[in-house]
Amino acid sequence: MYRLERRATPSSTMSVVSPILAAVGMLITGFLLFSALGKDPLEGFYLFFIKPLSTSYGLSELLLKTTPLLLCGLGLALGFRANVWNIGAEGQLTMGAIAGGGVALWFGDSDSSFAMPLMLLAGVLGGMAWAAIPAFLRTRFNTNEILVTLMLVYIAQLVLSWLVHGPWRDPEGQNYPQSQGFGDAETMDVLISGTRVTWGIVYALGLAVVAWVFSQKTFAGFRMQVAGLAPAAAAYAGFSEKRNIWIALLLCGGAAGLAGICEVAGPIGRMQQEISPGYGFAAIIVAWIGRLHPIGVVFGALLMSLLYLGGESAQMGMGLPSAITGMFQGLLLFYLLGADLFINFRLRRVTPKPATSAPTATATVGKAA
Amino acid sequence: MEETKPRLVLTGITKRYPSVVANDGVSLSVRPGEIHAVLGENGAGKSTLMKVIYGVTKPDAGTLMWNGQYETIVAPSQARRMGIGMVFQHFSLFETLTVWENISLALDEPIPTAQLAAQITEVSEKYGLPIDPYRLVHSMSVGERQRVEIVRCLLQEPKLLIMDEPTSVLTPQAVLVLFKTLKRLASEGCSILYISHKLDEIRALCDSATVLRGGRVSGTAIPRNETNESLARMMIGGELAECHLTPRETAEVRLDVDHLSLASPDPFGTSLKDITLQVRSGEILGIAGVSGNGQKELMAALSGERLSKGAMIKLLGTPCGNLNPAQRRALGMTFVPEERLGRGAVPPMSLASNALLTGARKGMVQNGLIHPSVMKTFSKSVIERFRVKCGDEQSVASSLSGGNLQKFIVGRETMLAPKMMIVAQPTWGVDVGAAQLIRQALIDLRDQGVALLVISEELDELFTISDRLAVIAEGRLSPSVKPAETSIEQIGTWMSGKFGDKAGPAAGSANMPMEAAHV
C-alpha cells in the first residue's frame, strides 16, 4: 500500500523532472490512441515528432510558430508568478494585431521607414490597452481577472471580424473577409531567405533575456514574485498590490500585442478573420511547461510549436482530424499538472502495521519504547 | 481512588511527521475524576497527543486503552460516542448562527429546538457557565464562546474532557470561573486532560501532570508538591532565565497616536475606537488584552496595511496615518508581525531573499537591481547575532522552526536600525530559550533609545519587559500604567473592558459583567 505524503520542502528535482514525465505520459497515451484508431503508432510518432524537424523548411516553420507562443508565454509566466491569472493573451494578441494592422493599412503602400516601427509600437500598445481593461476592473472593482481576460478574447475576435467584414474589407477581394495585402515596407523582413521566419523570433528571444533579467535580478521582479508566493508578506513589506496587477497585465498585454502584429505583418501579410490558431491559449501551457521561468518558456514554446507542426503533418499523412493537435496539447498539460503533485508530495510505501490493533500491541510498544 | 481502574491508558504513542517526530513513545494514564495536566512548551507534542486521543490523528505506533478495553479511535465522532469531548484552542463556531444552532450542528442525533435550548440552559447554569441559547455567536466575547464549546461537550455527558490551552483567551478572573467548573466536573467523576504551559494554573488546578519535552515524556509529577522552578526544569530541561529592565530616562515622543478610530472591514472584526497613545524614545509600551479585541486591527493601522487619516498617527512628528508600510519604514519604523510564515517571511524563499523583503533600503537594491552580496552579508550577520539555527542564508524560511524563524525576523527588523519598532506576539509559539533571547533583544533596543510597542497576550511577558502597560479591550485602549504600580487583578479587570473612563463599557455591557461577576 502506498500513501501520498507531503514533503518537508518542495523537491527541486521533481520540478525539473515533472515536464519530462508529462511528455512521456503524453507519448504513451498517444501510442495507445494511435493503436486504438488502427494506425501504426510508430508512423504516427514519426509524422508527429520527427518529420517536421527533418527538413530545414520544417525547422524554419518551427521557429515561425515558436515566435507568438514564446512572446505570449513569457508575458503570461511573469503574471502567473505574481498570482495574476491572465488567460486572455489570445485577445491581447488579437488587439495588438488590430492596432498594428490598422497602422499598416493607414500607411497603405507607402515605403516610409517609419511604418514598421510605428506598427510594432501600435501592436504593443494595442495589447497593453486590452490588458489594461482587466487591470482597471480588478484594481478598482475587484473583479476576477480570469473571467474578464477570457471574455475580452471573444470581444477582440468579434471586433476583428467586424473590421475585416466591414471597414477594412478589400474592395477587390471578391468579398473575402480580409484586407488588402500590406505593402513591402509594412511587411517584416525575412530573417533567412527561402523561409517565412521573420525578425519576430529575434524580438522574442531578446524578450526572453529581458524577462530573465527582470524576474531574477530586479527588485521589481522580486516584488512581483513575493506577491505571488505570499500576498500577506507583500502587504506587510508595503509592496503595492495594485501596482503588481498593473505591471503583470501590461507586460503580458504588450508581449501578446507584439506577437499579434508580428503574425499579421509577417507570415499572414494582411488583416483577416483568422490570425491565430489559439497561440494565446496554448501559451498558458507553454508557461507552465517552462516552469514560469523565462528560459524554460523558450523550450516550452519550441515543444508546443512542434505539436502544432506535428498535428498538421499527422493530419496530412494519416488523415487524422485537426483535433489531434489540441488533444496532444491537452494531454501534455493534463500530465504536467498530475506530475506537479509530486513536487510537494511523495509516495511512501506503508506496510500495514499492527500499531492500531490491540492484540499485537505489545510487540509494537516494545519497539517504540 | 487507588481502587478505581484507569479510564484512559496510553502506551508508547508515536507519531512522525515528515520533518519532526511529534510524539515518541508517549505513555500516560488518567483515572476517573482526575484532572491530569499535560505540560510542555509549544511544539513539545501536546496537541498531537490530544488529537490522537480524539481520533483526529492516527498514531504510527502505540496503543490506547479505554475503560480497560483496547480501542482504535478513527474519527472524532467515534471518540464522542465513547464519551470523549474536546475543547479546542481555536473555536469551531459559526459566527452567524445562534448558540443552539451551533450546538445542534455538532450533535450526532437531532433534538427538537425547545428541548435542546432547555438542556443548554440547564447544563450551563449547573456548571456556572450561563449562556443564552438564542444569542448569535458573533455578539459574544471570546470567553463566552468558550462556554459554548464547553457546554457543547458537556451535553454529551463526557467521561473525559480534553481542554487545549483553555485560558489563553480568558481574563484572569474568567480563569477562576473556569477552574470552578472543571473542579465540579471532576468531582462528578469526569476525567479531565488539561493542556497548558502555564505553571501557576497547573499547580492550582491539577491532581497530576505528565510533562512532555521534544515529543517524549520528560517526567511525571504531583503539581501541588512541585515549584514553578522544578516544573520548568522538567519542561525545558534547564533553568528559567530572567530578563531585567533597568530604569532609564525616556526622551522625545517617537510615536504619537491621536484619537485613532478605524472601522474594521470585516463585519465580525473589531473596530478601533478613539485610541490615543504615545511611545517615547527608550521605552517599551506593552499592550495586553484577550485575543480578538483589536490587536490585529491596531497592528494593521500602525504598520500601514490599513490606512487612516494622516494626523491620527505621527512618527517623529511626521503625520503618517495615510502612508503605506514601505513609506513608514522609510521614516524609521520596523515591524514584527504576529504571523511569521506567510507575512513576516515568504515561506519558499531563502533567508537571504527574506532579508530583501524589508531590507531593500540597506543597499540591497541599487538602481532597481538586486545586489546579492549585500543581501548575503546582511542575512549572515542576522543569523550569527541572533543565533538562528539553520543551514545557511540560502535555507528556505519554511524549513526553520517557529522559534528560529522568529529570531530571524526580529533580528532582521532590529538590524534595520529602527527608530520605532512595533512587535506583535514576540514569543508566541517560541521555545523558552528563543523567547528569552528575543525579549533581551527588545530590551537592548530600548536601552539604545529605540521606542518599542509590544502587543502580547502573555501577561507575564508584558510585566517583565514593559516600562508602561496598557490594555486593549473591544477596540478601546485603557490608560497606561507602570507594571510596578498595578496588579494582575487590575489588568484583568481592564481586559474585560472596564477601565472606568468616559468611554465606559457601553458596547461591552451586554456580555462583560458575567465574566467579572464571579471574581
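Colleague: Why is the crossing of helix 12 of chain A and helix 13 of chain A called right-handed?
Modeller: This is a predicted model, so take it as the model's geometry. A crossing gets that name if the near helix is turned clockwise from the far one, and helix 12 and helix 13 of chain A cross in that right-handed sense. The axes of helix 12 (residues 294-318) and helix 13 (residues 323-344) come within 8 Å, at roughly 145°.

Colleague: Which residues of helix 12 and helix 13 of chain A meet there?
Modeller: Helix 12 of chain A brings Met304(A), Leu307(A), Tyr308(A), Gly311(A), Ala314(A) and Gln315(A). Across from them, helix 13 of chain A offers Ile324(A), Thr325(A), Phe328(A) and Gln329(A). The contact of these two helices has 6 nonpolar, 4 polar and no charged residues.

Colleague: What makes Gly311(A) count as polar or nonpolar in that tally?
Modeller: Glycine is put with the polar residues, so Gly311(A) goes into the polar group.

Colleague: How do you know whether Glu458(B) is buried, exposed or partly exposed?
Modeller: Count neighbours. Glu458(B) has 17 other C-beta atoms within 10 Å. Buried takes 20 or more and exposed takes 12 or fewer, so with 17 Glu458(B) falls in between and is partly exposed. As for its place, Glu458(B) is in the loop between strand 20 (451-455) and helix 15 (459-465) of chain B. Trp428(B) is 30 residues away along the chain, yet its C-alpha atom is 8.3 Å from that of Glu458(B).

Colleague: And what makes Glu165(B) buried, exposed or partly exposed?
Modeller: For Glu165(B) the count is 18 other C-beta atoms within 10 Å. That misses the 20 needed for buried and is above the 12 allowed for exposed, so Glu165(B) is partly exposed. Glu165(B) belongs to the loop between strand 7 (160-164) and helix 6 (172-187) of chain B. Leaving out neighbours within four places in sequence, Glu165(B) contacts Gln89(B), Ile195(B) and Ser196(B). Its C-alpha atom is 9.9 Å from that of Lys46(B), 119 residues apart along the chain.

Colleague: How do you know that Cys72(A) is buried?
Modeller: Cys72(A) is in the largest nonpolar core, and only buried residues can join such a core, so Cys72(A) must be buried. That core has 254 residues, and Cys72(A) and Ala283(A) have the most contacts inside it. Helix 10 (residues 241-268) of chain A gives the largest share, 14 residues. Beyond four places in sequence, the residues Cys72(A) touches include Ala89(A), Leu93(A), Tyr279(A) and Ala283(A). Over chain A, buried residues are 48% of the 369.

Colleague: How many residues does each chain put into the contact of chain A with chain B?
Modeller: Chain A puts in 30 residues and chain B 41. Strand 1 (2-6), helix 8 (219-229), helix 9 (231-237) and helix 14 (361-368) of chain A each give at least two residues to that side of chain A. By class, this side has 19 nonpolar, 6 polar and 5 charged residues.

Colleague: Which domains does chain B have, and how many residues do domain 2 and domain 3 give to their contact?
Modeller: The assignment gives domain 1 (8-236), domain 2 (253-332 + 418-517) and domain 3 (341-414). Domain 2 of chain B gives 13 residues to the contact and domain 3 gives 12. On the domain 2 side, helix 14 of chain B gives the most, 5 residues.

Note on methods. Residues numbered from 1 in each chain as written. Chains lettered and ligands numbered in written order. Predicted model: local features only at pLDDT ≥ 70, side-chain atom pairs only at ≥ 80, totals over all residues. Contact = placed C-beta atoms within 7 Å. Helix = DSSP H or I, 4+ residues; strand = E, 2+ residues; numbered from the N terminus. Axes fitted to C-alpha atoms, helices over the stretch in contact; angles between N-to-C directions. Core = buried A, V, L, I, M, F, W, Y, C linked by C-beta atoms within 7 Å. Domains from an automatic or database assignment.
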